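I opened this model today to look up a few things in turn, and these are my notes on them.

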Amino acid sequence: MSNFPLAGLLPVSLFLVVALVVAFVARRQSAKGGGFVSEYFLGSRSLGPFVLAMTTIATYGSVSSFVGGPGQAWSIGWGWVYMATVQVTALFLLYGILGKKMALISRKLGAVTVIDVIRQRFQSNALAVLFAAIMVLFFATTMIAQFVGGAKLFEAVTGYSYFVGLAIFGIACILFTTIGGFRGVAFTDALCGIAMIVGIVVLAGGILSAGGGYTNIMDAIATNHPQMMEPFSGGSMPLGLYFTQWLLVGVFTFCLPQSVVRTMSYKDTKSLHSAMIWGTVICGAMMIGVTSLGVLSAGVLTGDLAQYGNSVDNIIPQAIVQTLPPWLVGVAIIGPIAASISTVSSLLISSSSAIIKDLWLHHLEEKGQRAPENTVVRASQIVTFVIGAVVFVLSIVPPDVIWKINMFAFGGLETAFCWVLVGGLFWKRANKMGALLSMGGGVAAYCVAMALGFKLFGLHQITIGITVALVLMVVGSLASKPTDKAALEAFFPED
């Protein structure tokens, strides 16, 4: 039995209850018009700037951002923080490159999902099915990493079992996603984003207090680990690592489908512009701030890695336990748990939409059939719940090193969808053959390179996947018949 006081769990319990209430209220206050599918999977395109910014940030900021990343920073130093600064660009690139065009096209087509847009652009059901399969596969991998990360954190901090932590927030997450749909997810994401900020501030206060202030901590690090103060961290952060991490967690994140769908959900252009500015500022402050806490933890957690279970994933849990009183521990762990929940809920609703809207309902439409709305309602909620339950069960036996699992999934999703989205929206000559080859061939090359540990010039395998995908998109498109002009009208209207 854990010695952690039950009172310390009150902040987490209260947060989860509030999240459930927010999801329920958001669902009850659904916008009128557009039907259940548009509401459940896209929130009836009604998100304002604050909710739009916070749901995108919360989706992007996973538990690895709060546990694995800072743990690496504890080990490596400020070089890892300098690498993390590229995350400032994530929302700016997403809204700036895809935001307006995806919104305009999806409204013109009546598209509810990213796959709706891709199917219309390339006139290919095969591509839509491949898109859905790859998306759900990598989403499931990411969701497992989030469940595992949140439960491990809960276990390390409170002393309660891994399964107890998994059950508490895993079940809550599945329930409020199933109940609330996209709108509920967006509003609970906003709540999670606020919780992340609070958690960062609380932990920062604990670390600075325990270490005798910022100056004392920095002096101790400079004396005991001078290499941690250098940009290349004594060789631990070579230029090639900077380059590939900037691609993986910065430049190419604009094409992650769980983020792209949010560009289809905002209310108006003013909301998009405001969300771009505030989202960029808040995301940058959060990601740089929480990674910096990992470095500052080195002034408090002064042992070697073996003392912390030989895993950098244990650093932030240890920092929380050793620098905060129990009642504040309960507040601090809300941040990373909220990051886990927000990412899972976003991926869960996107996976459900791929199965219900992009596969089942589209199949019925092709046969000239239409499912009754109450059937669609039940099916959508059942599929959402079942996917969440399957991921929950797969998380019971946890894999190791969650940040590596998360980065693998990031790379797979970016490889699969980058050039299909960019080519589809901005290159008229891109066609079905190019998109199929790019998506299938790029992912295959990436996964094989990852499985074999094969690298070019010591660079992360994302460079292999993204390059192969680009070459195949160009070669496949130029070597085959162009897309019919009528299908391109919504994407490239004549002046």
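**Nonpolar patch.** I began with the surface of this predicted model, and I noted a nonpolar patch of about 1,000 Å² that is made by Val 17, Val 21, Phe 24, Val 25, Ile 171, Leu 175, Ile 179, Ile 382, Phe 385, Val 386, Val 390 and Leu 394. I then asked myself which helices each supply at least two residues of the patch. I found that they are helix H1 (10-28), helix H10 (162-210) and helix H18 (373-394), and that H18 gives the most, with five residues.

From the patch I picked out Phe 385, which lies in helix H18, and looked up its accessibility. I recorded Phe 385 as partly exposed, because its relative accessibility is 43%, a value that falls between the 20% limit for buried and the 50% limit for exposed.

**Salt bridges.** Next I asked how many salt bridges a search of the whole structure finds. I noted that the search finds two, and I took them one at a time.

In one of them I found the side chains of Asp 116 and Lys 357 meeting at 3.1 Å, N to O. Since Asp 116 lies in helix H8 (residues 114-122) and Lys 357 in helix H17, I wrote down that this pair ties together parts that are 241 residues apart in sequence. I also checked whether the partners are buried or exposed. Asp 116 counts as buried because its relative accessibility is 9%, and Lys 357 counts as buried at 12%.

For the other salt bridge I noted Arg 262 with Asp 189, their closest N and O atoms being 3.5 Å apart. Here I placed Arg 262 in the loop between helix H13 (257-260) and helix H14 (269-297), and Asp 189 in helix H10, so the pair ties together parts that are 73 residues apart in sequence. I recorded Arg 262 as buried, with a relative accessible area of 0%, and I have the value of 0% for Asp 189 as well, which means that Asp 189 is buried.

**Ser 340.** Last, I went back to helix H17 (residues 334-366), in which Ser 340 lies. Because its relative accessibility is 0%, I entered Ser 340 as buried. What is Ser 340 in contact with, leaving aside its neighbours within four places in sequence? I listed Val 63, Gln 146, Phe 147, Gly 150 and Phe 169 as the contacts of Ser 340.

Terms used
Residues are numbered from 1 along each chain as its sequence is written. This is a predicted model: local features need pLDDT of at least 70, side-chain atom pairs count only at pLDDT 80 or more; totals for chains, interfaces and linings use all residues. Side-chain values use heavy atoms; hydrogens and water are left out. Helices (H or I, at least four residues) and strands (E, at least two) are DSSP runs, numbered from the N terminus. Buried means under 20% relative accessible area, exposed over 50%, partly exposed in between (1.4 Å probe, protein chains only). Contact means heavy atoms within 4.5 Å. Patches are made of residues with over 30% relative accessible area and no salt bridge: like charges are joined within 9 Å, nonpolar side chains (Val, Leu, Ile, Met, Phe, Trp, Tyr) within 5 Å. Accessible areas come from the Shrake-Rupley method with a 1.4 Å probe; for residues, only the protein chains shown count as cover. A salt bridge is a side-chain nitrogen of Lys or Arg within 4 Å of a carboxyl oxygen of Asp or Glu.
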